[in-house]
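Dear colleague,

I am handing over the structure we spoke about, with the sequence alongside, and my notes on it follow below. Please read them with the model open.

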Amino acid sequence: MKRLVFLISLSLLFLLAACGKKPGNDQKTATPTPTLSPDNGNSENKGNGNNSGKLPDGITPQSVEAAIAKALGNGYVADIEVPEEELYLCPLGDIDMEKIDAYVAKQNAVPSVHQDSVIVVKCKDAAYADSVVQGFNVFYVRSRKYAAIYPMEPFKVMGCRIYKAGDIVMYIVAGAPRPDDVRDDAAQLAFATAEYEKIDSAVKNLLGFLPDNLLDEDTAIPDEQDPGNGSGESFEGPVFPGTYVPEG
């Protein structure tokens, strides 16, 4: 009798163990394969959402641009003032300058080779800052399409920063030119990322915080501003053909 009770108890234990085991629990969780992606300043340890807070006294477009130039040193090649009559060719092209109190517009002397642009504006009314951000994003999408045809420094372009801090808005594509010995895609990405870390540190040190990057690669270009004459649909096609483009 005792032997029978023992066998029944043992059977119940095996039955309970089998019921308690959930399917798949004996499988290891797959580790996702890391992919290279441009650092647009939106990682968890960057940006604190303070895009409209009070700025320290004395912050001007000139002081912002000077801080970026100092951080990059000899790697700062956005060293040419954009003439007033050529502002329509830079990120200020879609901006109502009547609503801008002050600005700095710098670019490289040969933008077809180096798309470096440092544009910083101070709006007369902070409420207009969102419109400036939108205009900057439209320009970025256009320049990205251009870069798809002429991928000279793709990761520099892809790392663009559009920062808004109160009534100050920044458009930053900058960094030292790619060295000749930096050829493979991973090395190019690492090089561009390191340059943008210098820029981010400079902005954070100046403002006391690092704004979120408001770059929106999905910004639509208004039809009336996107004629098929070299800046619009004529650039449709593979992005950076022949060049590594990270996912995400």
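Which residues does N137 touch, not counting residues up to four places away in sequence? Before the answer, please keep in mind that this is a predicted model. With that said, N137 touches I162, L214, L215, D216 and T219 once residues up to four places away in sequence are left out. N137 itself lies in helix α3, which covers residues 129-149, and its relative accessible area of 2% places it among the buried residues, because buried means under 20%. One of the residues it touches, L214, also appears in a more specific pairing, for the backbone oxygen of L214 lies 3.1 Å from a polar atom of the N137 side chain.

The overall picture is as follows. The protein has 5 helices and 5 strands, and from the N terminus on these elements run α-α-β-β-β-α-α-β-β-α. Of its 248 residues, 42% are buried, and the protein exposes about 14000 Å², of which carbon and sulfur atoms supply 54%. Among the contacts with a separation of 6 or more, 77% are between residues 24 or more positions apart.

Two residues of strand β4 deserve a look next. R161 is placed in this strand, which spans residues 161-165, and R161 counts as buried at 0% relative accessibility. The side chain of R161 is joined to that of D200 by a polar contact of 2.8 Å. A165, also found in strand β4, likewise counts as buried at 0% relative accessibility. A165 and A129 are 36 residues apart in sequence, while their C-alpha atoms are 8.7 Å apart in space.

A further residue, L92, sits outside the helices and strands, in the loop between β1 (80-81) and β2 (100-107). Is L92 buried or exposed? With a relative accessibility of 2%, L92 counts as buried, since the cut-off for that class is under 20%. Leaving aside residues up to four places away in sequence, L92 touches L87, M97, Y103, A105, I119, V121 and F136. L92 and V132, for their part, are 40 residues apart in sequence and 8.3 Å apart in space, taken from C-alpha to C-alpha.

Finally, there are the enclosed spaces. Rolling a probe the size of a water molecule over the atoms shows where empty space is left. A search of the whole structure finds 3 cavities of 30 Å³ or more, and the largest cavity has a volume of about 110 Å³. This largest cavity is lined by 13 residues, of which E153, K156, Q188, F191 and A192 are the closest to its centre. Which elements each supply at least two residues of this lining? They are α4 (154-158) and α5 (185-207), and α5 gives the most to the lining, with 5 residues. By class, the lining of the largest cavity has 7 nonpolar residues, together with 2 polar and 4 charged ones.

If you open the model at only a few places, I would suggest the N137 side chain and the backbone oxygen of L214, the side chains of R161 and D200, and the residues closest to the centre of the largest cavity, including Q188 and F191.

With best regards

Technical notes: Residues numbered from 1 in each chain as written. Predicted model: local features only at pLDDT ≥ 70, side-chain atom pairs only at ≥ 80, totals over all residues. Heavy atoms only, no water. Helix = DSSP H or I, 4+ residues; strand = E, 2+ residues; numbered from the N terminus. Buried < 20%, exposed > 50% of the residue type's maximum accessible area, 1.4 Å probe, protein only. Contact = heavy atoms within 4.5 Å. Areas by Shrake-Rupley, 256 points an atom, 1.4 Å probe, with all protein chains shown as cover. 1 Å grid on protein atoms, 1.4 Å probe; cavity = no way out; pocket = protein on both sides within 12 Å on 5 of 7 lines; lining within 4 Å. Points joined across faces, edges and corners; volume = space filled by probe spheres on them. Nonpolar A, V, L, I, M, F, W, Y, C, P; charged D, E, K, R; others polar. Polar contact = N/O pair within 3.5 Å; in protein donor to acceptor, adjacent residues only side chain to side chain.
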